[in-house]
Amino acid sequence: MTNRVAFNGRILVLGFGGVSQCTLPLLLKHLDVPREKITILDMVENPERLRPILSQGVRFVQDRIQQERLAEQLASQVGPGDLII
């Protein structure tokens, strides 16, 4: 039995490439966090790759991080005590 770690904050995952595709299942397995508090932000929506994760309640936002909007983009998804991956 795996001991799950409680996390009450939001989690923002930047991009859904190889690292995120490997990391998200680990987060879902080992963190006790409401799935709706996890958001993937990527400029490309790939429904086939995203389907297994989104079917578990994780959110997806299609957007492109831009230097001139970085603070605004991050602040709309996370705040103090939250996690950015």
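This is a short chat about a predicted model, touching on its salt bridges, one buried strand and a surface patch.

Q: Let's start with charges. How many salt bridges does the structure hold?
A: Two salt bridges turn up in this model.

Q: Which side chain does Asp 82 meet in a salt bridge?
A: That would be Arg 10, and the N to O distance is 3.0 Å. The pair links distant parts of the chain, with the two residues sitting 72 residues apart. Asp 82 lies in the loop between helix H3 (70–75) and strand S6 (83–84), while Arg 10 is in the loop between strand S1 (5–6) and strand S2 (11–14).

Q: Is Arg 10 buried or exposed?
A: Partly exposed, because its relative accessibility is 32% and that label covers the range between 20% and 50%. Asp 82 is partly exposed too, with 21%.

Q: OK, and what about Asp 63, which side chain does that one meet?
A: Asp 63 meets Arg 69, at 3.5 Å from N to O. Asp 63 is partly exposed at 24% relative accessibility, and Arg 69 is partly exposed at 27%.

Q: Switching topic: how many residues of strand S4 are buried?
A: Five of the five, residues 38–42, so S4 is largely enclosed by the rest of the structure.

Q: Which way do the S4 residues point?
A: Ile 38, Ile 40 and Asp 42 point one way, and Thr 39 and Leu 41 point the other way. That's the usual pattern, because side chains in a regular strand alternate between the two faces of the sheet.

Q: Which strands pair with S4?
A: S2 is one of them, in the parallel sense over four bridges. Within that pairing, Ile 11 has Ile 38 of S4 as its bridge partner. Strand S5 (residues 59–62) also runs parallel to S4, joined by four bridges. There, Leu 41 stands opposite Val 61 of S5.

Q: What does the chain go through from S4 to S5?
A: The chain crosses through helix H2 (residues 47–54), making a right-handed β-α-β crossover.

Q: Last one, the surface. Which residues form the nonpolar patch?
A: Leu 14, Ile 65, Leu 70 and Ile 84, which together have about 290 Å² of accessible area.

Q: Where is Ile 65 placed?
A: Ile 65 is in the loop between S5 and H3.

Q: And why can Ile 65 count toward a patch?
A: Its relative accessible area is 34%, so Ile 65 is partly exposed and passes the patch cut-off of over 30%.

Conventions:
Residues numbered from 1 in each chain as written. Predicted model: local features only at pLDDT ≥ 70, side-chain atom pairs only at ≥ 80, totals over all residues. Heavy atoms only, no water. Salt bridge = Lys/Arg side-chain N within 4 Å of Asp/Glu carboxyl O. Buried < 20%, exposed > 50% of the residue type's maximum accessible area, 1.4 Å probe, protein only. Pairing = 2+ DSSP bridges. Right-handed = clockwise from strand over helix to strand, strands pointing away. Patch = residues over 30% accessible without salt bridge, like charges linked within 9 Å, V, L, I, M, F, W, Y side chains within 5 Å. Areas by Shrake-Rupley, 256 points an atom, 1.4 Å probe, with all protein chains shown as cover.
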